[in-house]
Amino acid sequence: MELAIIVPLLAAAVQSGTPILYATLGEIFTEKSGVLNLGVEGVMIIGALTAFVVALTTGNPVLAFVAAGLAGTLASAIHGVVCLWFKGNQVVSGLALAILGTGLADYLGTGYVGQTAPGFSPVALPVLSGIPILGPIFFNHDPLVYLTYLIPPLMWLLLMRTRPGLCLRAAGEYPAAATAAGLDVDGHRWWGILMGGFFMGLGGAYLSLAYTHLWTNNLTGGRGWIAVALVIFAFWRPGRAVFGAYLFGGIMALQLRLQASGTQLPSSLLLMLPYALTVIVLVLSSWRRGMSEAPAALGVNVEPAD
Amino acid sequence: MTGQPPLIRLAGISKSFGDVHANRDITLDIEEGRILALLGENGAGKSTLMSILAGQLQPDSGTIFLQGSPIVLSTTDRAIGAGIGMVYQHFKLVEAMTVAENIQLGHAGGMWLSWPKIHEEVRDLAAQYGMKVDPAARIGSLSMGEKQQVEILKLLHRRSRILIFDEPTAVLTPHEAENLFATMKLMVGQGKAIVFISHKLEEVMAIADSIAILRRGEVVDRVAAAAVSSSAELAERMVGREVLLQVDRQPLEPRQIVLKAEQLDGAGLHAVDLELRQGEILGIVGVAGNGQKPLVEMICGLCPPPAGTIRLLGMEWRKFFADQQWDLALSYIPEDRQGLATCQGLDLLDNFLLTTRGGFVRGPWLQRALADEKAARLIRDFDIRPPNLQALAWQLSGGNLQKMVLAREFYRKPRLIVAEQPTQGLDIAATEDVWKLLLEAREQAGILLVTGDLAEAMALSDRIAVMFEGRIVATFSTDDGEYVARIPQMMAGLEPDV
């Protein structure tokens, strides 16, 4: 293939990978604290709807973006209440949140279907966008994409090089040790859930503010579930999540292009590609390392001592 | 004593779990620059007491004084703040993190962590106490001895003044244990106070400055280590002599041999011979960890004897366990009645069926109605409370759960019973019930009673075998006064020279 085809495809991979990246980073942060939040899909779509409605009513996309993050925080707080206060089952609570979120967004968003809202448009970065090949792939996007270039290293720094990050990881690895060290395990898990929810909400906002600028039902289209799988693919590392997200973004962009090019392949098969890849990736990464990289206490509630 | 108050004073500490008194009115001083050993059998209340001091449990009553002023240790955080640190028996280390990360955990300080600087600090601190650890190593790659050093470094790094060691040598090789003792000496030399929990007599003799002995939740003795002449004396103080309970035990005519072990070797045992007949109780006494556990596991079929032979009810070991009957055979009453004997989340009927289901099958079906009827009858006969088959096992108190286990096992009409610490943690009334039931069961069966409570062994056994370091030091009749008087010496490994 020629550069003229590949470069735009890769640029599209970055763009369609971005919402998944936000959500994956959020889920990594939550899981690092030991909480499994399967509700990513629901949190994302609530973020997407919030962003759309705020942008539509205020005309301010930045405000809409932040509001989506806060909505994600609020939505995932439900998960926190169930799992941390009432020590409910994390899997069940997460699944319920996913269903609740998608249902709620469909219901509340019915009136907005087909409308368009102001959002973010591509801004070529001076100098950087002039670099051959890399320039058009990475530096000719909207500002929300550029933001994701900063988050993984910052999240890595926070987790590995700061005291709160150390405590958060301890809460996810071995809560008994954290408790013995005098830490408030559930407090750190709250941070994991709320911060993670914020990023998931941003991931949703990207879809309605930059990716489409309009509202349709089921806007997230399973991206939240892909994010959950990508966390395992990334071995819970923010840096690896970038590759995973762009890989999926690439597949999504490719199948759109293939459909547009009038290929003989049935479109349903093409639409299936990202999800088929999810399964393959999960199998391969489990094969290589299994769950050995997972936070040891992931999904395990800390029962209060009597 | 000088006028200065001790670093820590525990005054009148009591703690109960349900109807079990783990600690009863305990008063104890912990002094600077001294090693205090807490000696006692499993379940004597040592760990509960120290968990209270570490802020993990709250006492039901009593006060803790820090340098003369009362403090409330409501959280581990508070205890750490008061300078109290604990090296747990099961290390509280995050396996996936490095040594330095574990040491930093919970440490107050700035936002940013500069690992090169922290590594330097850790290395210096370790060197100061003669330890060698790589701060960048992952915990998962360390030996048990090294992990323990990390636990100690954690406390030293926080400048803890009172260090509690919960059975620290249980996981160490002899060489590592020596290193630990050297480190402990260095630490008290620097004015730290150490509490050393153990049931190993020699260690306590070797390292402690003063010794407190706990039994059934009470401090029964407090002595200066220098005043103790031998580990036999300690053993005697630890197991106790006073008779709390008396049961009427009439000797029966021993009948056929139900258990015969010859030259059992390996897994911690050395040339163990024993013989048990129907109609008698053979008490195995000794300080915990001297081979009782592997012996029980071999006899009960949990692990095969590496060397030597065991014959049960006249059958060879392999054959016996290959086609063991549900009834008229072996019943095991384990020490761990919550973990091994019952399923905590199942109700009493299902727990009853765990070992008796063989008696309620018809083809592929379980006759639950019949089981229900029989189990309900047992609950009445054994006075198990609550008298409700739908109650879940965890809802029962220790004594009632133990009676439930006995009721179930005796329903099988066993001909050989292995009872391990059958009254541990039970109150006097429940203990008496259990003792009576065991004596009744003796008519139909031979009973091997493994106990750390000498009074229990004396009250129930027809014969006693003393174990030390995997050997049976001597076997003798309970009526043989000369031998009985020397049980403490034998528990400390001395041959009976009578």
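**Entry 1: the largest cavity**

I went for the empty space first, and the largest cavity came out at about 110 Å³. Note to self: this is a predicted model. I then asked which residues sit closest to the centre of that cavity. Of the 15 residues in its lining, the closest are A180(A), G85(B), M86(B), Y88(B) and R158(B). I see both chain letters in that list, with A180 coming from chain A and the others named coming from chain B.

Next I looked up the elements behind this lining. Those that give two or more residues are α2, β6 (84–87) and α5 (144–157), which belong to chain B. By residue class I noted 9 nonpolar, 2 polar and 4 charged for the lining of the largest cavity.

**Entry 2: the other cavities**

How many cavities of 30 Å³ or more does the structure hold? I wrote down 3. The second largest has a volume of about 60 Å³.

I listed the residues that line the second largest cavity: L348(B), F352(B), A375(B), L378(B), I379(B), I384(B), L389(B), M404(B), A407(B) and R408(B). Three helices of chain B, α12 (348–356), α13 (368–381) and α14 (398–411), each put at least two residues into this lining. The class split here is 9 nonpolar, no polar and 1 charged.

**Entry 3: where chain B meets chain A**

I turned to the interface. Chain B brings 25 residues to the contact and chain A brings 22 residues. I got a buried area of about 2,000 Å² between chain B and chain A, with 63% of that from carbon and sulfur atoms.

Which side chains meet in a salt bridge? I found E101(B) paired with R169(A), at 2.7 Å from N to O. The count of salt bridges between chain B and chain A is 1. For polar contacts across the interface of chain B and chain A, I have 9 residue pairs, with both residues at pLDDT 80 or more.

On the side of chain B that touches chain A, the elements giving two or more residues are α2 (76–81) and α3 (99–104) of chain B. α2(B) gives the most to that side, with 3 residues. I also sorted the chain B side by class and got 15 nonpolar, 6 polar and 4 charged.

**Entry 4: a link worth keeping**

I flagged α2 of chain B for a second look. I had it down among the elements lining the largest cavity, and I have it again on the side of chain B that touches chain A.

Methods: Residues numbered from 1 in each chain as written. Chains lettered and ligands numbered in written order. Predicted model: local features only at pLDDT ≥ 70, side-chain atom pairs only at ≥ 80, totals over all residues. Heavy atoms only, no water. Contact = heavy atoms within 4.5 Å. Buried area = accessible area lost by both parts, 1.4 Å probe. Salt bridge = Lys/Arg side-chain N within 4 Å of Asp/Glu carboxyl O. Polar contact = N/O pair within 3.5 Å; in protein donor to acceptor, adjacent residues only side chain to side chain. Helix = DSSP H or I, 4+ residues; strand = E, 2+ residues; numbered from the N terminus. Nonpolar A, V, L, I, M, F, W, Y, C, P; charged D, E, K, R; others polar. 1 Å grid on protein atoms, 1.4 Å probe; cavity = no way out; pocket = protein on both sides within 12 Å on 5 of 7 lines; lining within 4 Å. Points joined across faces, edges and corners; volume = space filled by probe spheres on them.
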